[in-house]
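I opened this notebook to keep a record of what I looked up, residue by residue, in one structure. The entries follow the order in which I took up each topic.

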Amino acid sequence: MKKSYFFWGIIIIILVVAAVLAFNSRQKNSSLFSGSSNRPFFPSDPTSVKASEIIVNHPLANEVVKSPLIISGQAKGTWFFEASMPIKLEDVSGQLIASSYAQAQSDWMTDQLVPFKATLYFFTNASSGYLVISKDNPSGLPQNDASIKIPVNF
């Protein structure tokens with residue numbers, strides 16, 4: 001009888017701990033995607049890009065940016081081709097403001113996260129827009145496309 005109580009007690013404790021961890025994880029993830037925290041930007045649309053594929057440290061979502069805009073973060077090596085990946089700055093209507101390439105800062109021939117940096121020089125009268133970072137896709141195949149859009153203000 002005592003073994004049975006002990007067994008069920010352990011099961012209940014495990015379930016409570018799992019529920020608390022799941023709740024805390026959900027709370028952290030919701031603040032990561034709100035754009036109002038001082039944390040790196042992780043993609044929030046699970047249908048487009050997994051958060052484990054790219055992390056943008058700068059600029060933060062909804063940050064006021066100016067030229068020259070320094071962009072930094074980490075992306076899986078599969079996002080690069082010949083150590084670069086395309087980036088562009090658009091206004092809210094999708095009009096191109098500037099474009100360039102982010103450069104891998106270490107060996108990009110891996111499926112692990114690789115640090116990257118880029119600099120965009122621009123001029124705009126727009127008040128807001130998006131930084132778009134795309135997976136380089138030399139094959140042109142739609143199934144190999146991926147990108148993230150980070151809202152920014154000017």
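The entries below go from strand pairing to the core, and then to single residues.

**Entry 1, the model.** I note at the start that I am working with a predicted model.

**Entry 2, strands β6 and β7.** I looked up how β6, residues 128-134, is joined to β7, and found 7 bridges between the two strands, which run antiparallel. In this pairing Ser 134 stands opposite Ser 147 of β7. I then looked at the two faces of β7, which spans residues 147-153: Ile 148, Ile 150 and Val 152 make up its covered face, while Ser 147, Lys 149, Pro 151 and Asn 153 make up the uncovered one.

**Entry 3, the nonpolar core.** I turned to the largest nonpolar core, which has 28 residues, and noted that Ile 54, Ile 71, Met 85, Phe 116 and Ile 133 touch the most other members. The elements that give two or more residues to this core are β1 (54-58), β2 (69-76), β3 (84-91), β4 (96-104), β5 (113-120), β6 and β7, and I recorded that β5 gives the most, with 4 residues. I followed Ile 133 further and, leaving aside neighbours within four places in sequence, listed its contacts as Ile 54, Val 56, Ile 71, Trp 79, Met 85, Pro 86, Ile 87, Phe 116, Ala 146, Ser 147, Ile 148 and Ile 150.

**Entry 4, Glu 90.** Is Glu 90 buried or exposed? I found Glu 90 in strand β3, and I count this residue as buried because its relative accessibility is 10%, which falls under the 20% cut-off. Its side chain makes a polar contact with the side chain of Lys 88, at 3.4 Å. Not counting residues up to four places away in sequence, Glu 90 touches Gln 95, Ile 97, Gly 129, Tyr 130, Val 132, Lys 149 and Phe 154.

**Entry 5, Lys 149 and Tyr 130.** Two of the residues that Glu 90 touches, Lys 149 and Tyr 130, also came up together when I looked at rings: the charged end of Lys 149 sits over the ring of Tyr 130, 4.7 Å from its centre. I also looked up aromatic pairs and noted that the structure holds 1.

**Entry 6, Ser 127.** I placed Ser 127 in the loop between β5 and β6, and I count this residue as exposed because its relative accessibility is 55%, over the 50% cut-off. Leaving aside neighbours within four places in sequence, Ser 127 is in contact with Asn 153 and Phe 154. I also noted Val 92, 35 residues away from Ser 127 along the chain, with the two C-alpha atoms separated by 8.6 Å.

Key: Residues numbered from 1 in each chain as written. Predicted model: local features only at pLDDT ≥ 70, side-chain atom pairs only at ≥ 80, totals over all residues. Heavy atoms only, no water. Buried < 20%, exposed > 50% of the residue type's maximum accessible area, 1.4 Å probe, protein only. Pairing = 2+ DSSP bridges. Core = buried A, V, L, I, M, F, W, Y, C linked by side-chain atoms within 4.5 Å. Contact = heavy atoms within 4.5 Å. Polar contact = N/O pair within 3.5 Å; in protein donor to acceptor, adjacent residues only side chain to side chain. Phe/Tyr/Trp six-rings, centres within 6.5 Å; stacked < 30°, edge-to-face > 60°. Lys NZ or Arg CZ within 6 Å of the ring centre and 35° of its normal.
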